[in-house]
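Open the model in your viewer and keep the selection panel at hand. The stops below run from a single loop residue to a helix and then out to the whole chain.

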Amino acid sequence: MLTIREAIVVEGRYDTIRLSQLIDTVIVQTNGFRLFHDKEQIALLRRLAQTRGLVVLTDSDSAGFVIRDRISSFIPKEQLRHAYIPPCAGKEKRKRTPSKEGLLGVEGVSDEAILQALRTAGITEDSASRVTFMTPLRMFEDGLSGGKDSKAKRERLCELLSLPKFLSASRLCQVLNTAFTEEEYRTALSQT
C-alpha cells in the first residue's frame, strides 16, 4: 500500500472504496455535483489543501472535468495537483451499461493506471509514521461515538470546525488527525 501526504478528492463512494485498497491517505468524495452547493465540504477541502495538499482524481469524462474546474476555482494552485487516469473505453463491472461517454471511471481502471496517474501528478510518498492524537477509543471516551447523543455531538463539533456534518465517526477521526491539531480539537470539543 502506498502512503502519501496529500489528501485525494474523488467523485463517489466506489472510487473511495477502490482507492482505499491502494493508498493510505485521506480520501474525500464530492458525491458528484453536490460539491457545488456544499459550503462545509468546500471548507473541508480548503483545510486539507492548506495542511496537506490536495490531489484531484476524477473520471476522464466531461463531468470529471467540470468537478476539477470547480475545485480549481477555490483551491490555490500551489496547494492543488491533478491526477489524470487515461481515457479507457468500457464499463465498470457493477454497472449494466457503460457511462454516457463510454469510458471507465476511477473505479474501473487498473491499479497501475491509478498509481501512475498519482505519481505523474507529483504526489509526495510519505513513509514516516504519523503522530495521531485521535483514536476510535478516544472518540468513544469523548462522547463522539457509541453513545446516545454521540451523533449530535459529532455534528456540533463538525459545525464548530467548519466540517461537513455528515462525517461518520471513523471519517471524522481521520480528518481530525490529518487537518487539525490536538489543541484545536480540544478547544472545539469544549464548546460542544
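Contact here means heavy atoms within 4.5 Å. The coordinates are those of a predicted model.

**Stop 1: L57**

Select L57, which is placed in the loop between β5 and α3. Is L57 buried or exposed? Its relative accessibility is 0%, so L57 counts as buried; the cut-off for that label is under 20% relative accessible area.

Now show what surrounds L57. With neighbours within four places in sequence left aside, L57 is in contact with I8, V9, V10, L19, R68, A83, I85, V106, I114, A117 and L118. Then set a distance between the C-alpha atoms of L57 and I67: they are 9.9 Å apart in space, with the two positions 10 residues apart in sequence numbering.

**Stop 2: helix α3**

Move on to α3, residues 62-74. Colour G64, I67, R68, I71 and F74, the buried residues in this helix. Why do they lie on the same side of α3? Around the axis they cover an arc of only 135°, which puts them on one and the same side. The spacing follows a general rule: an α-helix has 3.6 residues a turn, so residues three or four places apart point the same way.

Rotate to the face of α3 turned away from the buried side. The exposed residues D69 and S73 are found there.

Next, select what covers the buried residues of α3. The cover includes the strands β2 (7-10), β5 (54-56) and β6 (80-82), along with the helix α2 (39-51). R68 appears at both stops: it is one of the buried residues of α3, and it is among the contacts of L57.

**Stop 3: the whole chain**

Zoom out and switch to a cartoon view. How many helices and strands does the chain have? There are 8 helices and 6 strands. Traced along the sequence, they follow the pattern β-β-α-β-β-α-β-α-β-α-α-α-α-α. The radius of gyration is 17 Å, close to the 16 Å that the globule rule gives for 192 residues, so the chain is as compact as a globular protein of that length. Along the principal axes, the C-alpha trace spans about 50 × 35 × 30 Å.

Colour by accessibility: 46% of the 192 residues count as buried. A surface view shows an accessible area of about 10100 Å², of which carbon and sulfur atoms account for 50%.

For a contact map, take pairs at least 6 apart in sequence; 61% of these contacts join residues at least 24 apart.

Last, select the charged side chains. The chain has 29 positive and 25 negative charges, and their mean positions are 3 Å apart.

Technical notes: Residues numbered from 1 in each chain as written. Predicted model: local features only at pLDDT ≥ 70, side-chain atom pairs only at ≥ 80, totals over all residues. Heavy atoms only, no water. Buried < 20%, exposed > 50% of the residue type's maximum accessible area, 1.4 Å probe, protein only. Helix = DSSP H or I, 4+ residues; strand = E, 2+ residues; numbered from the N terminus. Arc of directions from axis to C-beta. Rg over C-alpha atoms; globule rule 2.2 N^0.38 Å. Areas by Shrake-Rupley, 256 points an atom, 1.4 Å probe, with all protein chains shown as cover. Lys, Arg positive; Asp, Glu negative; His and termini not counted. Charge placed at Lys NZ, Arg CZ, Asp CG, Glu CD.
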